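Trainee: Could you take me through one part of this structure closely? I would like to start from the place where a ligand sits and work outward from there.

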Amino acid sequence: MLVNAYGAHAGDRPLEPLQITRRAPGAHDVQIDIAFCGICHSDLHQVRAEWYGTQFPCVPGHEIVGRVAAVGTHVHGFRPGDLVGIGCIVDSCKHCADCEDGLENYCDGMIGTYNFPTPDAPGWTLGGYSQQIVVHERYVLRIRHPEEQLAAVAPLLCAGITTYSPLRHWNVGPGKKVGVVGIGGLGHMGIKLAHALGAHVVAFTTSDAKREAALQLGADEVVVSRNAEEMAAHAKSFDLILNTVAAPHNLDAFLVLLKRDGTMTLVGAPATAHDSPNVFNLIMKRRTLAGSMIGGIAETQEMLDFCAEHGIVADIELVRADQINDSYERMLKGDVKYRFVIDNATLAG
Ligand code: NAP
Ligand code: ZN
């Protein structure tokens, strides 16, 4: 079936309206009318071919929420009308050790929501900047938030799980001091989630203007990372630093803030490499520099339920499809509080 979408035909071209084909739902598929889709910085990296291997036309979008329109004959967990979400994963091998552990995000056969091989036309997956999507039921998430919060739930499907998963993996909770670097789409969710998990949260930002807002989001303290004195006051004190920055920067400035056995985990995925950190900053206090990628399906459901229980959603600005290009420019300037979300109804007509 043909549906309206928004995508790009080349990395140096703006996104524009186009039509794409979705498969008819198979026995285990769920067909979803997409209501809203968040704009992740990864969408920009991919559609502008900053990352390797973008296939065109490229339709980004992996923070998808909407209602079930139809289900295949073997689907028992979802019914038409259910509120559901799709994140960054639409398929995986389903039988490797990672899949069996519920960590489909680390399966070598993981199929991402866009730009991954698929038997469907045109040969690669196309994402949520579109009216509908068809996904195997295993990768469909249930949304338990009230419907009026639906647009603000969308960013949980990537920004939420990408920050929740490392916070849980490194046992963040009461008594732990956690830094969140970069107050953008991921970072603002990291602050909210670390706060809800009971940690002492310090937000690091390059923009003085975000100081007050970071406290409102749940940070206990805010540090403007350009200010050496403010940084030095936190030397050797963090259990975990969650670094969401979308550009190469000086990692040593943050490594020295970890206490003995502390970890900095990188979730930001800049298109060009960071300078190598000074190994002495790792050796001296047995510190760890780590990475983390989104999260598995079971953990994504756990995160959504945790957020519904704690009343947590993203802070969003709703935009029309014809504002996507402008939203990218504003995201690059840090001019977003804190996630753009597309109203997919504006893709009609
Ligand atoms: P975003 O909304 O643009 O936020 C990034 C933030 O980083 C900015 O708001 C800014 O915060 C800070 N920043 C940007 N440029 C900087 C620079 N040159 N130096 C220092 N700080 C800078 O992006 P996002 O959607 O949160 O995504 C962040 C990164 O995570 C992207 O690279 C994205 O591809 C990646 N990502 C990774 C995963 C994963 O699974 N690991 C999942 C999703 C996204 P301040 O103004 O507060 O400094
Ligand atoms: Zn994302």
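Mentor:
**Around ligand 1**

Of the 28 residues around ligand 1, those that come nearest are His41, Thr205, Thr206, Lys210 and Arg339. Keep in mind that this is a predicted model.

Three polar contacts of ligand 1 can be followed one by one. An oxygen atom of ligand 1 lies 2.8 Å from a polar backbone atom of Leu186. For Ser207 the side chain takes part: one of its N or O atoms is 2.9 Å from an oxygen atom of ligand 1. At Ile294 it is again a polar backbone atom, 2.8 Å from an oxygen atom of ligand 1.

Ile294 deserves a longer look. Its place is in the loop between strand 15 and helix 10 (297-310). With a relative accessible area of 10%, Ile294 counts as buried, because the cut-off for buried is under 20%. Its phi is near 30°, a positive value in a residue other than glycine. In general, most residues other than glycine have a negative phi. Asn115 is a further case, with a positive phi of about 70° although it is not a glycine. Asn115 lies in the loop between strand 7 and strand 8, and at 13% relative accessibility it counts as buried.

Now go from the loop at Ile294 to the sheet. Strand 15 belongs to an open sheet of six strands, in the order 12-11-10-13-14-15, with parallel pairing. Strand 12 (221-224) and strand 15 (288-291) stand at the edges; each has a single partner strand, so one side of each is left without a neighbour in the sheet. On average, neighbouring strands of this sheet are turned by 20° against each other, direction ignored.

Within this sheet, strand 10 (residues 177-181) and strand 11 (residues 200-205) run parallel and are joined by five bridges. One of the residues involved is Val181, whose bridge partner in strand 11 is Phe204. Helix 4 (residues 159-169) packs on the sheet, where it touches strand 10, strand 13 (238-243) and strand 14 (258-266). The direction of helix 4 makes about 160° with that of strand 13.

Helix 4 also leads to the zinc ion (ligand 2). Cys40 (SG), His62 (NE2) and Cys158 (SG) coordinate the zinc ion at 2.0 to 2.2 Å. Along the chain, these donors follow the spacing C-x21-H-x95-C. His62 lies in the loop between helix 1 (41-47) and strand 4 (64-71), and Cys158 in the loop between helix 3 (150-153) and helix 4, so the pair ties together parts that are 96 residues apart in sequence. Both His62 and Cys158 are buried.

Two peptide bonds remain. In general, most peptide bonds are trans. The bond from Ala121 to Pro122 is cis, with omega near 5°, and Pro122 is found in the loop between strand 7 (111-112) and strand 8 (132-136). The bond from Lys337 to Tyr338 is also cis, with omega near -15°. Tyr338 is found in the loop between helix 11 (324-332) and strand 17 (339-343).

That brings us back to the start: Arg339 is one of the residues that come nearest to ligand 1.

Notes:
Residues numbered from 1 in each chain as written. Chains lettered and ligands numbered in written order. Predicted model: local features only at pLDDT ≥ 70, side-chain atom pairs only at ≥ 80, totals over all residues. Heavy atoms only, no water. Pairing = 2+ DSSP bridges. Helix = DSSP H or I, 4+ residues; strand = E, 2+ residues; numbered from the N terminus. Axes fitted to C-alpha atoms, helices over the stretch in contact; angles between N-to-C directions. Contact = heavy atoms within 4.5 Å. Donors = N, O, S within 2.8 Å, 3.2 Å for Na, K, Ca; no water. Buried < 20%, exposed > 50% of the residue type's maximum accessible area, 1.4 Å probe, protein only. Near = heavy atom within 4 Å. Polar contact = N/O pair within 3.5 Å; in protein donor to acceptor, adjacent residues only side chain to side chain.
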